[in-house]
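Here is a friendly walk through one model, moving from a covalent link to a helix pair and then to some paired strands. Please have a look at the sequence and the structure first.

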Amino acid sequence: MRRPHLQPRKVLLLAAAVALGAAVPALGSAPAPGRLAGASAGYAGAQFGDGNLPAGCIVDRDEANPDNDCFHMKVGLNALDSPQVNVAVLVPVSPAAERDMRVMRQAVEMWGGGIEQLATQMNLDWLARGVQFNVTTKLVPVDANGLPTQAVRLVQPKIVVLATNPAGGIGIGIDPVAFAGELGITGEDGAPCGSIADPFSMAAWHDRPGFDGHHGELGGIYVHRCDGPGGQVCFSVNGAVDPVPGRTDFFSLYDLVAHETGHCLTLGHVGDGADGPWGPTPTNDIMAYSSDPVDLAKCVSTLDVEGFALRMSSFLDVNGDGTVDAKDVLVPNDAAGDGLSAFQVQNPQDHWYASPTGRPEDCPQPDWGALPGAEETDWQPGTVATTAPRLSLGTAGTVPGRVSWSATAARVSTQAAPTRRSGSTADPTGDGTAAMTDITGLTASVTPDAVRATLQLDELWPTTDGGRVTGYGLYVGGRRFDSFVPTQGTSSEVQTIDSGGRYVMPAGTSTWDTEAGTVSFTIPRSYLASQRVQPPYSVFAATGVHVRTKDWVTSLDRAPATGALRLAAPPAVGGPKDAPMATTSTTRTLRLEHEGGNTFTPADTSTQGIPLVPAVGNVHQVPLPISRQATVAVTVAWDDPSSALGLVVKGGSGQDVESAAGSVTVTVPWAHRDLAVQVVPSQVGAPSVGYTLTAKVTTLTADADRDGVPDVVDACPRAKGPAASGGCPDTDRDGVLDTRDRCAKVAGLGAAGCPTAMDERVVAFVDGKRVSTTHVMTRHGGYDVSGSAPATPGRHALKLVWYSGSTVLKTVSSSVTVR
């Protein structure tokens, strides 16, 4: 059976069968969404219900799929069973106990405040009203020997947040191994429902069956089930207690507590976690591993709220009928997911944060100083407008006997767009702690193919000198690119890391000139575009301490000291291009060879007994150029039964995987760009194992609706639509595909795509009489309207009024002469 392009999903790409879970029944859409008051565009709404994907989205999560433009969050991780979220924060006594407790408490309060603020703006009022966060804190007393003086008893907690490392790993405070006390839990009926031994020992948590330690020594989560009243209790275990939170550890206590608490709220990762990769990744999200936004704490996103709403819909009156039952339960829009967990898919244009502007760089920041601040952080800040409505009248022409018009309704930035494509700034000498970290100047420019920048330093050590921990960062659009020489190993080569995407950039992305004292960067605009970093670009530089690959600590100097160079950009060139469609269908089989030979030895596999992934180890990379659009079936086969190889094919639009004894075949139904084939030595049981790698390429010719999406993957082969929507149209441009839109020709944000009284519309008046109403949706960009009305010869007054609900946003008028 043909699998439409809208549905392909990638499963485990190893020589093993994977059982897929049953799909969850689909339900309807959420209530009509509201506009995020501070956001530069707005929130068009969550699409709930299995298969009810937002327009522009597909279920395939492969980050290399050229048609995968949307965010994918794993959901339903833990069975949180109450909207009364009682959170207990426990911290052992230490010299910085007050600070540690304050930071951890704020990381939980940030969730409560952010969810309430965004849920209200997203028109999920049932969620804002129905969920209550209650946070209590407790210092655990210890005796002179550092042991707890009494057992800790908690009543009806849903989440328990623990710090297991008050020493920060450098000898301050009490060794967590010394804690041998017991943590007891009491259920709703007052009866004990279990206990946790050694709750402040990270080693004990890792030894406990069922502990999910996906952050290693930094922390993890554990779910404890109380029999009878009490339900689930989720433990958020955190080991990243740093002496100066956010400044001297590569994963601050605040970030880690916020991330692990998100797991206890049932939210999973968003693409760059240990269970990934998938993509694209919203790197600013709490549930991302990324350090974005750079040098700042994260806050709740609309995607986080959508994921949390899925679980809470089981306990709250979603539809407002006064009863909580199965009719209220919301279902993820990718219920099958990876076969183990469901996913919620979101259009990036609906991705905003609980900040005054909706932008991640404006998230409220915690008080993490050594002493408490004078004021508590407001986790529900007032909104700040970043856009203004603009109604532009394009033409107001006539045809005999009629008044006609065309116009565009758009929300435009209140910040003037830059016009310069280059800029520079000087920085004072001596403000960078040491000569090697002292920036004295920054120059930057934007060309058609790259953002180029040079940091001028007071002094730059030769790359051949070992032991260096300094790093040099270029920030482009909030994304940090870190240039450094590894402190481990013998390499003296300069490396560049996209610290937000946690991706090692190609050699030459940054270069050092020791004599000139400069570090230069060339960041391809095609790469920035793939990471959703678009012009105009904000550029600044910083120096810091590079602890290990992908980890940066402490900004020592910054240029400019505040703000950034804002640069315009010429039209971009470069980047991947689609291959043309063939005129006739042909099939050919290619034999692919790795440049080092098609052989693996046991040394190529993981020494830890963990299968390799494409980003690590001796994985064979083989390019597969695509000159004409085609269906491509790649097969790896080996003859040693004690070995197992994996196969990954990147760059195609969807894929199917078939595994057999001694072989794996990955079929890409639609390859319209060059592919990258990766052979993974998962297990080598012989002194060596050889393999054959072949690709069967069948060119594609059929495209009945001529929308550029071939019939073999087109979910709507008789209606034109973009590849990012599976070939299906969204005629009224309201974010709901026609296949699920009950009002496919009238833009609306109500259930099933129909308009409501609170939606936007442009009303046309001729001589004061209303003659036309056009529903519009400007939350994802400008919306064009046009129309005409009969009129007698002579002059007439045309007026267009843009409404949002009953509020007038903008009015434009013109005088028109009718012949």
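Which cysteine does a disulfide join to C57? The partner is C70, with an S to S distance of 1.9 Å. A disulfide here is a pair of cysteine sulfur atoms within 2.5 Å, and by this rule the count comes to 5 disulfides. The link of C57 and C70 is left-handed, with -80 degrees about the S-S bond. Both C57 and C70 lie in the segment before strand 1 (71–75), 13 residues apart.

A word on the ground rules: this is a predicted model, in which local features need pLDDT of at least 70 and side-chain atom pairs count only at pLDDT 80 or more, while totals for chains, interfaces and linings use all residues. Residues are numbered from 1 along each chain as its sequence is written, and side-chain values use heavy atoms, with hydrogens and water left out.

Now to the helices. Helix 1 (residues 97–121) packs against helix 4 (residues 253–264) at an angle of about 40 degrees, and their axes are 9 Å apart. Helices are DSSP runs of H or I with at least four residues, and strands are runs of E with at least two, numbered from the N terminus. Axes are lines fitted to C-alpha atoms, for helices over the stretch in contact, and angles run from 0 to 180 degrees between N-to-C directions. The two helices are therefore oblique to each other; angles under 35 degrees count as roughly parallel, over 145 as roughly antiparallel, 65 to 115 as roughly perpendicular and the rest as oblique.

Where do the helices touch? With contact meaning heavy atoms within 4.5 Å, helix 1 residues including V103, M104 and W111 meet helix 4 residues, among them L253, Y254 and V257.

The strands come next. Two strands pair if DSSP finds at least two bridges between them. The pairs below are antiparallel, and each row names one pair of opposite residues.

| Strands | Bridges | Opposite residues |
|---|---|---|
| strand 35 (residues 760–766) and strand 38 (residues 794–804) | 7 bridges | R761 and Y803 |
| strand 29 (residues 630–638) and strand 34 (residues 689–699) | 9 bridges | V632 and V697 |
| strand 29 and strand 32 (residues 663–671) | 7 bridges | T635 and T665 |

Strands 35 and 38 also belong to an open sheet of 4 strands in the order 36-35-38-39, with antiparallel pairing. Its edge strands, strand 36 (769–776) and strand 39 (807–818), each pair on one side only. Neighbouring strands of this sheet are turned by 20 degrees against each other on average, direction ignored.
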